[in-house]
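Got the viewer open? Here is a short tour, one selection at a time.

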Amino acid sequence: RLSMSDSRRRQQEAICGRYGSAIVECGADLVLGISQTIRDGLLPIQGVRISPIDGTCGWYLWGGDWSDDPDFFVPLHVQHLEECCPLAIPYLLLAPGWRFEIAPQKEDVWFDGNVEL
């Protein structure tokens, strides 16, 4: 389960502050879209957040290259992210419109005005 320790929360808030993003909550009971490529260990890990709707947090996470395959993303409750993609957890409070790309020795975080909100 995703445990929201004080240190984890401070880390998430610090990332929002570093990049100038509003803090938008991402409850453990909400759903995100995740690709099998994450579980396969492909890098870099990438994420984009759209506006949350209908029990989702708005996050889509994938490893490696994007795919337009309709089955590329599967639903996952945020509380299970620790098991398959803990590296993404520090970025979860970034607001809709924000993206990230992470790998060992790499961290890119930016606002993308082309993301549908």
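A polar contact here is a pair of N or O atoms within 3.5 Å; within protein, one must be able to donate a hydrogen and the other to accept it, and residues adjacent in sequence count only if both atoms are side-chain atoms. You're looking at a predicted model, where local features need pLDDT of at least 70, side-chain atom pairs count only at pLDDT 80 or more, and totals for chains, interfaces and linings use all residues. Residues are numbered from 1 along each chain as its sequence is written, and side-chain values use heavy atoms, with hydrogens and water left out.

**Stop 1: Glu101 and Gln46**

Select Glu101, which sits in strand 5 (98-103). Strands (E, at least two residues) and helices (H or I, at least four) are DSSP runs, numbered from the N terminus. Show side chains, and you'll find Glu101 in a polar contact with the side chain of Lys106, at 2.7 Å. Glu101 is buried, because its relative accessible area is 16% (buried means under 20%, exposed over 50%, partly exposed in between, with a 1.4 Å probe and protein chains only). Contact means heavy atoms within 4.5 Å. Beyond four places in sequence, the contacts of Glu101 include Pro44, Ile45, Asp108 and Trp110.

Gln46 is another residue that Glu101 touches, so select that next. Gln46 belongs to strand 2 (residues 45-49) and is buried too, at 14% relative accessible area. Where does the side chain of Gln46 reach a backbone oxygen? Look at Gly64: the distance is 2.8 Å. Tyr60, Leu61, Trp62 and Phe100 are also among the residues that Gln46 touches.

**Stop 2: the salt bridges**

How many salt bridges does the structure hold? There are 7, each one a side-chain nitrogen of Lys or Arg within 4 Å of a carboxyl oxygen of Asp or Glu.

Start with Glu82 and Arg8, whose side chains meet at 3.1 Å, N to O. Glu82 lies in helix 3 and Arg8 in helix 1 (residues 6-19), so this pair ties together parts that are 74 residues apart in sequence. Glu82 counts as partly exposed at 29% relative accessibility, whereas Arg8 is buried at 18%.

Now pick Glu25 and Arg9, where the closest N and O atoms of the salt bridge are 2.8 Å apart. This pair links distant parts of the chain, 16 residues apart: Glu25 is in the loop between helix 1 and strand 1 (31-35), and Arg9 is in helix 1. Both count as partly exposed, Glu25 at 48% relative accessibility and Arg9 at 22%.

Move on to Asp112 and Arg99, with 3.2 Å between the closest N and O atoms of their salt bridge. Asp112 is in the segment after strand 6 (106-111) and Arg99 is in strand 5, 13 residues apart. Are these two buried or exposed? Both Asp112 and Arg99 are buried. Before leaving, add Glu13 to Arg9 and Glu25: salt bridges that share partners join these three into one network.

**Stop 3: Leu93**

Finally, select Leu93, in the loop between helix 3 (81-84) and strand 5. Leu93 counts as buried because its relative accessibility is 1%. The network residues turn up again here, since Arg9, Glu13 and Glu25 are among the contacts of Leu93 outside four places in sequence. Cys16, Ala22, Ile23, Val24, Cys26 and Arg49 are also included. For a last distance, pick the C-alpha atoms of Leu93 and Gln11: they are separated by 10.0 Å, with the residues 82 apart along the chain.
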